[in-house]
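The exercises below are meant to be worked through with the sequence and the coordinates side by side. Try each task before reading the solution that follows it.

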Number of protein chains: 2
Amino acid sequence: MSSIMDAIQEIKLEPVAVMRSPFEEKFAVPRQSGLVLEATGEVVFLPPFDDPAMLQGLQGFSHVWLTFLFDRCVDQGWRAKVRPPRLGGNREVGVWASRSPFRPNFLGLSAVRLLDVVSGPSPRLRVSGVDLLDGTPILDIKPYLPYADAIADAAGGFAPEAPVPPLQVAFSARAEATLAQLVDGASLRALISGVLALDPRPAYRRGAEPERIYGARLAGRNVRWVVNEAGLQVLDLDLAEAD
Amino acid sequence: MSSIMDAIQEIKLEPVAVMRSPFEEKFAVPRQSGLVLEATGEVVFLPPFDDPAMLQGLQGFSHVWLTFLFDRCVDQGWRAKVRPPRLGGNREVGVWASRSPFRPNFLGLSAVRLLDVVSGPSPRLRVSGVDLLDGTPILDIKPYLPYADAIADAAGGFAPEAPVPPLQVAFSARAEATLAQLVDGASLRALISGVLALDPRPAYRRGAEPERIYGARLAGRNVRWVVNEAGLQVLDLDLAEAD
């Protein structure tokens with residue numbers, strides 16, 4: 001047996017691709033992949049990993065695994081215990097029992113649907129069910145192998161089922177008017193509906209402050225909404241200013 | 001949107017745990033996790049990631065994801081195209097369409113069954129269905145979330161089904177005598193049967209040289225076997241010498 005000490009060494013990795021997604025800030029990003037199928041994005045390969053030969057054979061797979069870095073969390077450090085949203089944000093579990101981004105090495109893992117393999121001079125994967133922030137560095141891409149990865153009898157601990165989208169999403173007249181003017185209005189509407197139906201508010205905000213206006217940047221738009229007894233209403237979706 | 005250039009930076013990781021497995025050399029390691037349920041092992045946490053608090057809540061999950069480094073492949077470098085065993089070893093695919101270890105960043109991903117969470121002074125996970133070499137540095141451990149990870153309708157490209165173990169495994173009188181003397185003889189027999197039934201021989205060797213004696217180090221034993229028309233016969237399993 002090799003020594004345990006052999007394993008204690010620094011490992012240097014480099015991004016092989018970068019995620020292009022509609023999520024430009026952490027608030028409102030779906031908490032797992034596959035929850036919002038309307039969330040599409042692109043995995044854009046970086047040199048020298050952008051050789052189209054590396055993609056040959058991938059188009060036969062319906063899903064791929066993305067291993068990525070939670071780069072926007074690294075500065076805050078990792079935590080031994082976390083409070084998962086699935087437990088209402090008030091019960092702690094160990095970080096190894098969670099998919100929290102505030103974990104040692106800050107590695108993320110998402111299974112996304114593979115819509116298209118774009119070869120050519122700038123190879124990329126079109127994917128859906130995305131839960132990665134725009135600009136996320138991707139460290140590995142693997143085909144999803146159903147026979148090894150889809151474990152039918154697996155038990156999911158404190159998160160056995162997919163979260164049921166708790167909110168009905170309606171759009172104000174102003175928001176509808178904006179959508180009607182957009183070429184991509186229908187897909188933007190579906191994206192906003194899918195994301196907001198999952199109620200991105202932190203658990204401690206739910207049931208409080210019905211007049212509070214929430215906002216998140218989604219697909220280049222500043223989306224603003226309120227939540228009250230009637231459900232969620234999107235107020236407006238103005239063009240976000242560039243950074 | 002953030003610049004693609006922001007993602008191009010070196011990322012430094014450190015092992016959080018080390019794998020203890022019966023596989024001490026690459027030959028005969030199952031080619032995916034879950035194929036040989038008799039292959040048990042331990043994920044041994046390394047300081048400072050060995051705090052039992054980090055494991056709280058994990059025991060409710062039946063499976064965990066291990067993200068690890070293919071450390072025994074790093075020296076050989078990565079390849080743009082590989083010849084997966086599933087295609088008989090003679091057809092090439094792009095490395096992104098494979099789970100080959102010879103990939104950029106050399107990251108591995110395995111879903112293993114969680115048998116037990118051992119807290120106390122040396123925290124560890126007892127797992128089965130292992131396909132990692134002994135001593136493999138582990139970079140992350142996540143709970144398997146059935147609702148997000150078990151994609152029932154996924155299409156598996158050129159590897160749609162689990163490989164059917166092609167070989168019947170028999171044991172010589174000498175091998176049986178050795179097993180009969182061992183306290184762990186039954187589990188060792190099951191491990192050897194499960195591993196060798198999958199036929200670890202490279203595809204180009206199959207059907208050739210029926211007299212050839214193969215050998216692999218498994219669970220501290222030098223296991224030797226032959227394959228002929230009658231199936232596979234384990235010749236002997238002598239104690240391996242320590243390195």
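The radius of gyration used here is taken over C-alpha atoms, and the globule rule sets the expected value at 2.2 Å times the number of residues to the power 0.38. The model is a predicted one, and local features are considered only where pLDDT is at least 70.

**Exercise 1. Overall form of chain A**

Task: Establish what radius of gyration a compact globule of 243 residues would have, and compare chain A with that value.

Solution: Begin with the rule, which for 243 residues gives a radius of gyration near 18 Å; chain A has 19 Å, and therefore agrees with what a compact globule would have. Next, look at the extent of the C-alpha trace, which spans about 65 × 45 × 40 Å along the principal axes of chain A. Then turn to the secondary structure, which in chain A comes to 4 helices and 13 strands. Finally, consider burial and contacts: 48% of the 243 residues of chain A count as buried, and among contacts in chain A between residues at least 6 apart in sequence, 71% join residues at least 24 apart.

**Exercise 2. The contact between the chains**

Task: Work out how many residues each chain gives to the contact, and which element contributes the largest share on the side of chain A.

Solution: Chain A and chain B each bring 73 residues to the contact. On the side of chain A, the elements that give two or more residues include α1 (4-7), β4 (63-69), β7 (107-118) and α2 (146-149), while the largest share, 6 residues, comes from β9(A). Sorted by character, the residues on this side of chain A comprise 45 nonpolar, 15 polar and 13 charged ones. As a last step, inspect the strands that pair across the two chains: β1(A) and β1(B), the latter covering residues 11-13, run antiparallel and are joined by 3 bridges, with A:Lys12 standing opposite B:Lys12.

**Exercise 3. One face of a helix**

Task: Explain why the buried residues of α4(A) can be said to line one face of the helix.

Solution: First check the helix itself, since α4(A), residues 185-197, has 13 residues and reaches 18 Å from its first C-alpha to its last, close to the 18 Å expected. Second, list the residues of α4(A) that are buried, namely A:Leu188, A:Arg189, A:Leu191, A:Ile192, A:Val195 and A:Leu196. Third, look down the axis of α4(A): these buried residues fall within an arc of 165°, so they line one face of the helix. Their cover includes the helix α3 (173-180) and the strands β10 (169-171), β11 (214-218), β12 (221-228) and β13 (231-239) of chain A. Beyond the helix, α4(A) is followed by A:Asp199, whose phi is positive, near 60°.

**Exercise 4. A strand and one of its residues in chain B**

Task: Determine which strands pair with β13(B), and decide whether B:Val234 is buried or exposed.

Solution: Start with β10(B), residues 169-171, which runs parallel to β13(B) and is joined to it by 3 bridges; here B:Ala170 stands opposite B:Gln233. Continue with β12(B), which pairs with β13(B) in the antiparallel sense over 8 bridges, B:Asn222 having B:Asp238 as its bridge partner; a hairpin of 2 residues joins these two strands. Now take B:Val234, which is found in β13(B). Because a residue is buried if 20 or more other C-beta atoms lie within 10 Å of its own, B:Val234, with 22 C-beta neighbours inside 10 Å, counts as buried. Its contacts, leaving aside residues up to four places away in sequence, include B:Val169 and B:Phe171, B:Ile192 and B:Leu196, and B:Val223 and B:Trp225.

Conventions. Residues are numbered from 1 along each chain as its sequence is written. Chains are lettered from A and ligands numbered from 1 in the order in which they are written. This is a predicted model: local features need pLDDT of at least 70, side-chain atom pairs count only at pLDDT 80 or more; totals for chains, interfaces and linings use all residues. Two residues are in contact if their C-beta atoms, placed from the backbone, lie within 7 Å. Ala, Val, Leu, Ile, Met, Phe, Trp, Tyr, Cys and Pro count as nonpolar, Asp, Glu, Lys and Arg as charged, and the others, Gly among them, as polar. Two strands pair if DSSP finds at least two bridges between them. The expected span of a helix is 1.5 Å times one less than its number of residues. A residue is buried if 20 or more other C-beta atoms lie within 10 Å of its own, exposed if 12 or fewer, and partly exposed in between; C-beta atoms are placed from the backbone. The arc is that of the directions from the helix axis to the C-beta atoms.
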